[in-house]
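Biologist: Got a minute? I'd like to go through this model with you.

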Amino acid sequence: MRIAYVTVHVAPQIMQGGVGKKIRTQITMWREQGHTVALFSLTPVEVPFPNEHQFIFDADVNLPRREFNRMSALKRMLAAIREYRPDLIYLRFGLYSYPLHRLFWIAPVVLEINSNDIVEYATRGRFFYWMNRLTRNLIFAPASGIVTPTYELTSILPPYKKNGRVCVISNGYDLSNLSPLPPPQHTRPVMTLVGSPGMDWHGVDKLVDFAEINPDIHINIVGYSSADFALPVPGNVTLHGFVHSSRLREILMETDVACGTLALHRKNMNEACPLKVRESLAYGIPTIIAYKDTDLEGVSIETILRIPNAEDNVMVNAQRIRTFVYNMMGKRVDVNILAPYLDQRKKEEARLAFFEQILAEGK
């Protein structure tokens, strides 16, 4: 297959983090299977994807000018995709910009959905909420197939798509060249949460509250800086801001317990398969999960602590979390137990098989 991988409206810091790493791994694995793949990305800032196609637009503070710049760059990207002549286009869902609908005129499009877009855009204000509600069918309706990472997300699909070509493929991790990190030797435990500012469903505020009543536990918060908090954080909390993968690995090397998303309920969601949790588990780090994990719901091991997906989940379970963190000092997850559930190579084989099905069945 000749595949065009297309991204629009993915923030540069997201593309430089776990999402970008996932895309690079996917493209590499697809190419290893003998397919021709090119990435086409619409972005306000160039990101580290050498030898791929990036279409930069000036994100001017003036809204009309910014949208005009975005539209111009999008037209150039569509022309490049048409010239590339793909057999299939893989599109990460993003807010519609004119004339994105023309993408569907080029080749069959498989659409990847990664969140509840209705709830997510509502958190950004009325303009983005209504812009998404009024234009989302311009993206959903012509899609030849849809991929979601969780079963729960299939519920947000328009009714005319729910019984169509929909495939659930959860996020995975490339385990082929990964070695679990040895447990650190601490005198007091260290917890780490990786998040992004402005995404309150990560529940960073809950971890700060936990830190205040547990001053003997050190907590790393990656992705946040002091500017992201109205008040100073406790002295046992370190805010690392955005870090690159090499620095994140150094932080994880000194981590006894990792935290997944702690407030998914704020997005009206209960199921997830976060990339950051797969990375910490692949490194062998015991992890706290506060939602239904698509892959791991039926897996019961002592190095995973599950707490409810509720607003008070951290404080109500503060003693359980504290006991877990202390018990996990010097321990690591048996990655061999989790490998069958997390292996991204198997997931990409399933995704490619879905592509083949779409092309075989036609529109």
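**The sheet and the cores**

Modeller: Sure. Keep in mind that this is a predicted model. Start with an open sheet of six strands, paired in parallel, in the order β10-β9-β8-β11-β13-β15.

Biologist: Which strands stand at the edges?

Modeller: β10 (237–241) and β15 (304–306). Each has a single partner strand, so one side of each has no neighbour in the sheet.

Biologist: How much twist from one strand to the next?

Modeller: The average is 25°.

Biologist: Let's zoom in. How many bridges join β8 and β9?

Modeller: Five, in the parallel sense. β8 covers residues 190–194 and β9 covers residues 218–222. Val 194 stands opposite Val 222 in β9.

Biologist: And which strands does α11 lie across?

Modeller: β8, β11, β13 and β15. Helix α11 spans residues 318–327 and runs at about 180° to β15. α9 also lies across β8, β11 (257–259), β13 (287–289) and β15. The angle between α9 and β13 is about 150°.

Biologist: New topic. How many residues are in the largest nonpolar core?

Modeller: 50. Those with the most contacts inside it are Val 6, Phe 40, Met 77, Ile 81, Ile 89, Leu 103 and Leu 111.

Biologist: Which elements give two or more residues to this core?

Modeller: The strands are β1 (2–8), β2 (36–43), β4 (88–92) and β5 (109–112). The helices are α3 (63–84), α6 (137–140), α9 (275–282) and α12 (335–342). α3 gives the most, with seven residues.

Biologist: Is there a general rule behind a core like that, and what is it?

Modeller: In soluble globular proteins, nonpolar side chains tend to be buried together.

Biologist: What does Ile 89 touch?

Modeller: Leaving out residues up to four places away in sequence, its contacts include Ala 4, Val 6, Ile 81, Leu 103 and Val 109. Apart from that core lies another, of 26 residues. Leu 207, Ile 217, Ala 318 and Val 325 are among them.

Biologist: Back to α3. Which of its residues are buried?

Modeller: Among them are Arg 66, Asn 69, Arg 70, Ala 73, Met 77 and Ile 81. The buried residues of α3 pack against β1, β2, β3 (53–56) and β4.

Biologist: What span should α3 have?

Modeller: 32 Å, because its 22 residues count at 1.5 Å a residue. The end C-alpha atoms are 31 Å apart, which agrees.

Biologist: What comes just after α3?

Modeller: Arg 85, with a positive phi of about 60°.

Note on methods: Residues are numbered from 1 along each chain as its sequence is written. This is a predicted model: local features need pLDDT of at least 70, side-chain atom pairs count only at pLDDT 80 or more; totals for chains, interfaces and linings use all residues. Side-chain values use heavy atoms; hydrogens and water are left out. A nonpolar core is a set of buried Ala, Val, Leu, Ile, Met, Phe, Trp, Tyr and Cys residues joined through side-chain atoms within 4.5 Å. Buried means under 20% relative accessible area, exposed over 50%, partly exposed in between (1.4 Å probe, protein chains only). Helices (H or I, at least four residues) and strands (E, at least two) are DSSP runs, numbered from the N terminus. Contact means heavy atoms within 4.5 Å. Two strands pair if DSSP finds at least two bridges between them. Axes are lines fitted to C-alpha atoms, for helices over the stretch in contact, and angles run from 0 to 180 degrees between N-to-C directions. The expected span of a helix is 1.5 Å times one less than its number of residues.
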